[in-house]
Each structure stands twice: as structure tokens, then as C-alpha cells.
Amino acid sequence: MVILDLCGRWQMRKLEDAEWIEATVPGSVYSDLLNAGLMDDPYYRANDLDAIKLSEFDYEYRRTFELDEALLSHDRVLLRFEGLDTLAEIELNGQAIAHVENMHRTYEFDVKGKLLRGVNELRIVFRSPLRFIREKQEANPVWGANGVEGFPHLRKAHYMFGWDWGPALPDMGIWRAVSIVGMSIARLDEVYVTQQHQEDLVQLDVRIGLDNWSGEPLAVALTLRAPNGDSFHEQITATSATEHVPLTVHFPEIWWPNGFGEQPLYTLEVAVKDRNGAEIDRREMRIGLRTITVTQQDDQWGRSFSFCVNGYDIFAMGGNYIPEDNIIARGNRGRTERLIQDCVAANFNCIRVWGGGYYADDDFYDLCDEYGLIVWQDLMYACAVYDFTESFKANITEETIQNMKRIRHHASLGMWCGNNEMEWAWVDWNLNQSLKLKSDYIKQFETVLPEIAKQIDPNTFYWLASPSSMGSFDQPNSENFGDMHDWSIWHGRKPFTDFRNRYPRFMSEFGLQSFPSMKTIETFTLPEDHNIFSYVMEDHQKHPDGLAPMVHYVSQYFKFPSSFEQFPYVSQLIQAEGVRYGVEHWRRNRGRCMGATYWQLNDSWPVASWASIDYYGRWKALHYAAKRFFAPVLVSAFEEGTSATLYVSNEQLGSVDGTLIWSLRDRYSAIITSGEVNVHAKALSSAAFVTLDLAEHLDTLEKKRTHYLAYAFHIDGEAASSNATIFVPAKHFELLSATLSCHVEEHGDAFEIQLCASAFAMFIELELSEADGVFSDNYFHLSAGEVKPVTLAKASLSQMLTKEQVEQQLQCRSLVESY
């Protein structure tokens, strides 16, 4: 096989223009216009509202390339597109090749008879997606929850038409690689690995699929390279389209999710050779030796739902991943790796790829393999109704097969899921759609797609929809079966304390919004925009209800911030507190609930949203809180009235011994009463160890408003987990004006900051005025008289800083300063 890469420099123009501009492939119309200075930054102020108009036009790409006789002499010469977004008309040397309409597919065309020795010209016209869906919607109206009406008519990433956290920027272009591929005799169609685990042994069955048009016997050589350098070899003579090759691995190195063990990866190489020993095709992939499925067993509450990894049911902890940018060309492996590293730093063991985006690049899944994040993979359908015609069925069948074959070998893949919120929508959202379309839902999501999964990837658990219980519109968002999305908190305006009334088997979506940091806000605003209800600020809040829910939740728990600059800080606190309230409750009820993936991990542009990390990679308060409430060993408090029960949750394969320490303190941090108890926390467990009746100390409203409960779980004398609880909403707690002091020291690859407070301080925030960095802890409570060490790793800094520069840039504040 010979591959000629056609990525790199192309030319592009608006179809009606005579002038061509330089373009880059992979890329997009928007990215090329931005690079040429012909488009304003769509993320600045309200520019997105004008930028969408560019998608009303058609655009053309072209490039030339040279071929020699060596490539042309192959049996087959293919033109391969790994991603065309979306309505593309392909022309080669003046001859029409194809018209395609699916962003999620790879397309290959045999062009051997259309290529020339020497110079060839390839042209692609991209038609307006807005005109397309508008015409389709007028002829056949279908429902979609967000964005430009009619988006379900086109197999294009739905978020590009706008969502309640993202702009409507339906970009287009050649978004993945293009190549000419010459091949002779045969090609590898697939490599599929099935694992059978026994004690100290894993038996692999490697299924080899061959397209052998020559008919001659072929040699297939397999090499499995272990992490320690050992190699396992096998070779067969392939005489049929499908061959099975066994490989035995003794004393295997087992792959585990983050927090449970290491992530060793084996490299599998499959080479196909002709009768003379010349290699004609090869495939290389990394696999992890592990078992992953989902446990569903009837119990006293309904039916369980938990990831089972290597025989252990684990509590899944993570977030929902959306596309990293509305201009996809801005992404790269380094940016994705930083995001995955941030997940691991916050103790994630799971990540859900949401169905309104696109199937992620290979780098994403490679990184999840390397860092140990179980991938819940939605198929790309979300909050919409689809007309299941025969042509649509054929289109999505090929889309599903291609993407399952591409992704299925990854160690991190834990689940395929049919769609996002569509079964639930049919039941509870009053869609007012035809019975034919409702029947189409069953055909598409409960017959066709599950059958494809059964054929293409039978080793991976398949879930009909999210949320779902038993399918067929039977209680799709029940807390007793399957997974659950809870939007009664936020959309429904219920207080976040109501999370404690939910006992889901797996909470796969929930959350609250916040603003990004002032640094991020300043990237898209002018000073005159600095009012939360300004035109620009409201444009960077895409939820139809605007800022009303955020103001509502801030008012429930906090005093109204004293200035615009304080509002983002307080909004992040309400987001962090709300999500913490839910996760700690569900971890305390481990066994009944076995997972919490909050909405959402990241942003696709700078915006007020549910994300815990903003568009520029800056951690919000929620992400720091996640590091604490997703910690393998967690101490949490269930406070009610004047009592509190302290729990220790241990999400590890081994038991933990330690000391649970608590103290009731006044706002000066003077101890009123205290105690400690030795704790033996069993593996994979959560249990109550201390119940405190504090009525005699909190017998008046004044005392409730001036006292707090501090608690910590110590292992070998060090606090593994700690927090503080108050007995009234924060807005009613009588905080003193605490003076915060910081002392900075430099130790090798990090700066250590020692903090002290003159009185009890809540939600202490650390930030650098110019540079960005990730602190070891942030947005925490601190008692007077205690020294809190916080580390700032140099590797996390956006620019190199000296100790003196850290001291100059370091800013800290606590809740009382927002009043």
C-alpha cells in the first residue's frame, strides 16, 4: 500500500468570488477566512451573530498534486476523505466523483481511471448547510431542542447549529485528512480482538477481515508487544475473507481506570504479505488487557447500573465532554491532552462523549487509554427527531460501522449509547410529532443501531439511550433503573439541596451554570460590557432563560455580589456547591447509586455555561471541588437541622484505616466541642462513622449563624479529605472580615504557598493576575490559626515565573469580600 498525503496547502474561495485565498487542510471555511483576515473573531463581543451569515454561501476548495506511474500501477487507487463537512461535491480532473452529505463518515472512491500521470486537480464545492436545512424543514418539519430549526435533517455535528451553551456557527470544509491510496492484491478490512481472562492468563482471539481480490493465499503475521518489551508472534496463511488467530498472554499486565491501578498498553501489529513476502497492508493498534461491562441486577430499589471493570463494580466519577471548539481546526493533541490531564488531576475515572458533537479524533481515545478514563460513547444523535427513511438508514448504517470499527479496540471504551435525551423527550417533552416519527425512533434506536453494535462490536456494552430505563418509552428517566438526567435543579429551579431527594442508579447529567473567570470575560468584552445584563454578556449566555436561573440560585445561597467583578466568583461558588451537594450524597449511597458524571466538563467558546473548565483551560471552582468530591477517599457530612452524620467513602480496591476528626467552632475558629474516632473503611464502600447531635450548642438562630463544623479524615497523620459545613445558607452566616496572609516559597519544580486567616474564611480563591496556573487546592474553607499549604506546579504555569513574580501576581479573596 502506498499513501500520498493531500493535506497541507490548498486554495479556497467563496463560490461567487473570482479571487482565491490560501487554505489549510485539515481546516475549515471559518479558519481559512480568519487566517486571511476576511472574518472577525466570532468569539469577540457579539460577532457570532454576524459570523453565521457566512454559512449562507457556498465555498470551493482546490489543489493540484502529481502522481507517478508507480502509484498509478496499483490494482486500485482510492481517493480517501476522512472527514468532509458536510454537503460536498467532489470533482477530479474535471470529472464529477460524488456528492456526499455526512460529516461523520469516511469516504473512499476508486479513481484509478480518472487520474493522470503528472499533474492532477481536485476540487470540492461545499454547499450552504443553512440553506439545506431550511429547505428540508419547510418540506418536512422535525423537532430539535436547540439551535437553528431543521438541524436533524443533516448528518452534521448538531452543536454547530447552536446549543444552550454554544453559538450557531455552522462551519464547513475539509475537516480531516485527505489522501490518495494505492493498493494491490488485498487489503485489511478489519482487526477485532476478543479477550478471555483466566487466572494469570489472557487468551486473545484476533479476527482478521481481508478483502482479497487477487484470490491468492496470503501470509498474515501478528506481533503483540507487551509494555515490558516482550513480544508474542503468530503467522497464518489466510485463504478466506475472515480468519481467527489465537494469542496467549501469560502473566498479563492488566489495564485499570484511573484510581484503581496502572494503564499498561500492548501494541498489536498485523501485517499482510504476498507470496513473495512483500508487505501489502498493515494495521497497528494499542489494546489494554481488561474486562469492562455494565452490571444490571434486580435489587430492592429496582435494577443496578454500574461499570464493572475486571470483575469489580466501581463508582464512576467524571463529566460530559463536548467538542473543544466551534472552530474544530483550532484543536490539537496537546490541547486535548491538557484537558484529559485536568480530568485525571480532578480524580475522574470516566468521561462521557455527548451525542450532539462529533466522534472524537483518535488522539482523544488514545489519551483516555493512557490516562485511564472509561469512555461512555454516545452515538451522534441528541435532542432531536429523525425521519428514518431508507436513504437515512443506509447513511447512518455506514457511519456507525465506520466509527465503531475505528474506536472499538480502545481499552478505555466502556459503552456505546444510542442517543442523548431522545427517548425521554418522546415521553415527557410534548414533542407534538407524528406517530410515524415515534415509530421511527424505535426502528432506529432500538432495532437498527443495536443490531449494528451486536455485529460490529459485541464485546462492548450497548445502552439504548441516555437517559433510559428499559427502552420502549418505559419510564426513561426513572431513578430506579438505568441512568438519569436531573434538570429539575437549574431548569426546574428546585433548590440544589433537592439533590438529596434523588437516588439514581447512575446520574449521567446534572449541573449548574457559572460565568468563566474575569480573565476569560475580558477576552470577549470591552469595559462598557461589564454588566451581567449587557448585550455582549447576554450573547455569551445561550440558554433561552438567559441569566435568570443563575441569579435565582445565587440568591438562594449567597448575598448578591457587590460588583460585576465579584459576580463570576460567586456564580462559580454556587455551581461548585450545587454539584458537590449531589455527588457527596450519591457517594454516600454507594451501591444504590454507582455513578455521577456532571454536565459539563469543557466549553467550545468563552461563555457562561455548566463547564468546570472554561474555553481557555482555566479551572473554575467546580473543577477544584471535583478534585475533592471525586477523591478516592472522601469524608462528607449529611447535616440536617442541628445534627450531622459524617461518612467516609472509599473508592479503592483496598481498605483504608485512619482517624476521623471533627470540631464545632465559632466564627473566630474557637473550638466549642470536638472528637475523633478510628475508622476502618472497607474497599469499595461508603459508611457513616459518626452521628453528632449539636442541639445544645446550636440552640438559637444566632448560634447557627455563627458556628460551623470542621471535619477531616487523616491517614498516617495527614488529611486525606477535609471540609467544613455551616447550618444556614451562606448568605445568613455572619462571617467576620478575615485577613488572609500568604507566604510563598520555591521548592524545585513548584512554589508552595502557605495561607493563614485571622478568622474563619469561606471559599478562599487563589489566582494569578497575569499568568495562568493550577493550584493543588482552591476555593476552600480555612479556620483561623491553621496553616494551609497550597502547591503551584511550575509545569502548570502559562509562562515561567520567578518567586518574586508569583508574589507580585498572587491574589486571594474569600466570600466575605464579595459582599
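Which residue takes a positive phi in the hairpin of β42 and β43? Select glycine 748: its phi is near 60 degrees, in a hairpin with two residues between the strands. Keep in mind throughout that this is a predicted model.

**Stop 1: the hairpin**

Stay here and show residues 740-747, strand β42, together with residues 750-757, strand β43. Eight bridges pair the two in the antiparallel sense. Now pick cysteine 742. Opposite it, in β43, stands leucine 755.

**Stop 2: a four-stranded sheet**

Next, select β38, β37, β40 and β41. In that order these four strands form an open sheet, with antiparallel pairing. Look at the edges: β38 (671-681) and β41 (718-726) stand there. Each has a single partner strand, so one side of each is left without a neighbour in the sheet. On average, neighbouring strands are turned by 15 degrees against each other, direction ignored.

Zoom in on β40, residues 707-715. Eight bridges join β40 to β41, and the two run antiparallel. Label isoleucine 715, then find glutamate 718 opposite, in β41. As you follow a strand, keep a general rule in mind: in a regular strand the side chains alternate between the two faces of the sheet.

**Stop 3: the cores**

Select Ile351, Phe364 and Phe558. In the largest nonpolar core, which has 157 residues, these three touch the most other members. Then colour helix α13, residues 567-588. Helix α13 gives the most to this core, with ten residues. A second, separate core has 44 residues, including Ile21, Met39, Leu72 and Leu84. In soluble globular proteins, nonpolar side chains tend to be buried together.

Return to isoleucine 351 and show its surroundings. Beyond its neighbours within four places in sequence, its contacts include Tyr321, Ile340, Phe364, Trp376 and Leu601. Two cysteines, Cys343 and Cys368, are also among them.

**Stop 4: the cysteines**

How many disulfides does a search of the whole structure find? The search finds zero. Check cysteine 368, which is buried at a relative accessible area of 0%. The closest cysteine sulfur to its own is in cysteine 343, at 7.7 Å, which is too far for a bond, because a disulfide needs the two sulfur atoms within 2.5 Å. Move to cysteine 383. It is buried too, at 4% relative accessibility. Its sulfur lies 12 Å from the closest cysteine sulfur, in cysteine 417, again too far for a bond.

**Stop 5: helix α4 and the loop after it**

Select α4, residues 129-139. Buried or exposed: which are Pro129, Leu130, Phe132, Ile133 and Gln137? These five are buried. View the helix down its axis. The buried residues fall within an arc of 160 degrees, so they line one face of the helix. They pack against β11. Now turn to the other side of α4, where Glu135, Glu138 and Ala139 are exposed.

Follow the chain into the loop between α4 and β11 (161-163), and pick histidine 158 there. Histidine 158 is buried, at 1% relative accessibility. Leaving out residues up to four places away in sequence, histidine 158 touches Phe151, Pro152 and Trp163, among others. Its contacts also include Gly356, Met380, Tyr381 and Tyr386.

**Stop 6: alanine 625**

Finish at helix α14, residues 621-629, and select alanine 625. Alanine 625 is buried, with a relative accessible area of 5%. Add phenylalanine 780, which is 155 residues away along the chain. Draw a line between the two C-alpha atoms: their separation is 8.4 Å.

How values were computed
Residues numbered from 1 in each chain as written. Predicted model: local features only at pLDDT ≥ 70, side-chain atom pairs only at ≥ 80, totals over all residues. Heavy atoms only, no water. Buried < 20%, exposed > 50% of the residue type's maximum accessible area, 1.4 Å probe, protein only. Pairing = 2+ DSSP bridges. Axes fitted to C-alpha atoms, helices over the stretch in contact; angles between N-to-C directions. Core = buried A, V, L, I, M, F, W, Y, C linked by side-chain atoms within 4.5 Å. Contact = heavy atoms within 4.5 Å. Arc of directions from axis to C-beta.
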